[in-house]
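Please open the model in your viewer and keep the selection panel at hand. The tour below moves from one selection to the next and says what to look for at each stop.

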Amino acid sequence: MITLFHCAGARSFRALWALEELGLGYELKMLPFPPRVRAPDYLAINPLGTIPLLIDGGTRMTESSAICHYLATRYGPSPLAVGVDEPDYGAYLNWLHFGEATLTFPQTLVLRYSRFEPEERRSPQVAADYAKWFLARLRAVEAATERAQTLCAGRFTMADVSVGYALHLARFCRLDAEFGAATADYRRRLESREGFRRALAGERAAGEEQNVPATV
Ligand SMILES: N[C@@H](CCC(=O)N[C@@H](CS)C(=O)NCC(=O)O)C(=O)O
């Protein structure tokens, strides 16, 4: 059985969404955010203290975008991964990593310095600078989604899960009002997927069952 440690709304949502898109069975363990402070026992399981943590037999993974690709290939073949022999293999890998490294990184600084730090450590300047950074990087998504319904390979893939999570998180960062028209439509298409909706409902139900409050 696959086990996923998750905080509502956090990057582990990518893994949860991927599991739902693939229709795999899993156990969802909810944690309060941040686990290193509010669930210190978790450090014995994952010394990094971060989520996601995915355990699948002897495999342990802590990188959300890598988990998406792992699940689609380990439990594939699936059209959710792009194969090495397909023309868009490079574009797929690039978007998969772009979602986390280029888009989510600045968002976490916005959240941290506008909402998560204690009042005296907050920095409107840092939050504003990284909001600008995020919106500038989003131009690549706007250009791609003006041309096509998905990011690559002419179909929905784990690259869309990776970037789609960053667009989902933008609502919590209050940055979604500044999306271009194509990006806003793309996010609506992603969020109307059954797999996305099941993931959202699943994290809500598991949070209630396990008595773990939502992150934001
Ligand atoms: N690059 C990693 C980042 C993991 C990460 O930093 N997760 C955040 C939540 S979104 C976290 O656990 N933060 C709590 C902390 O750093 O203590 C990924 O994509 O999964």
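**Around the ligand**

Begin by selecting the ligand together with the residues around it, those with a heavy atom within 4 Å, which are Ala10, Arg11, Phe33, Arg36, Thr50, Ile51, Pro52, Thr62, Glu63, Ser64 and Glu100. This is a predicted model, in which local features need pLDDT of at least 70 and side-chain atom pairs count only at pLDDT 80 or more, while totals for chains, interfaces and linings use all residues. Residues are numbered from 1 along each chain as its sequence is written, and side-chain values use heavy atoms, with hydrogens and water left out.

Next, show the side chains of this shell and look for polar contacts, pairs of N or O atoms within 3.5 Å. A polar side-chain atom of Ser64 is 2.7 Å from a ligand oxygen, an N or O atom in the side chain of Arg11 is 3.4 Å from an oxygen of the ligand, and a polar side-chain atom of Glu100 is 2.9 Å from a ligand nitrogen.

**The cysteines**

Now select Cys68, and ask how many disulfides a search of the whole structure finds. The search finds zero, a disulfide being a pair of cysteine sulfur atoms within 2.5 Å. The sulfur of Cys68 is too far from the closest cysteine sulfur for a bond, because that sulfur, in Cys152, is 13 Å away. Cys68 counts as buried, at 0% relative accessibility, where buried means under 20% relative accessible area with a 1.4 Å probe and protein chains only.

Finally, move to Cys173, which is in no disulfide, as the nearest cysteine sulfur, that of Cys7, is 16 Å away. Cys173 also counts as buried, at 9% relative accessibility.

Methods: A polar contact is a pair of N or O atoms within 3.5 Å; within protein, one must be able to donate a hydrogen and the other to accept it, and residues adjacent in sequence count only if both atoms are side-chain atoms. Buried means under 20% relative accessible area, exposed over 50%, partly exposed in between (1.4 Å probe, protein chains only).
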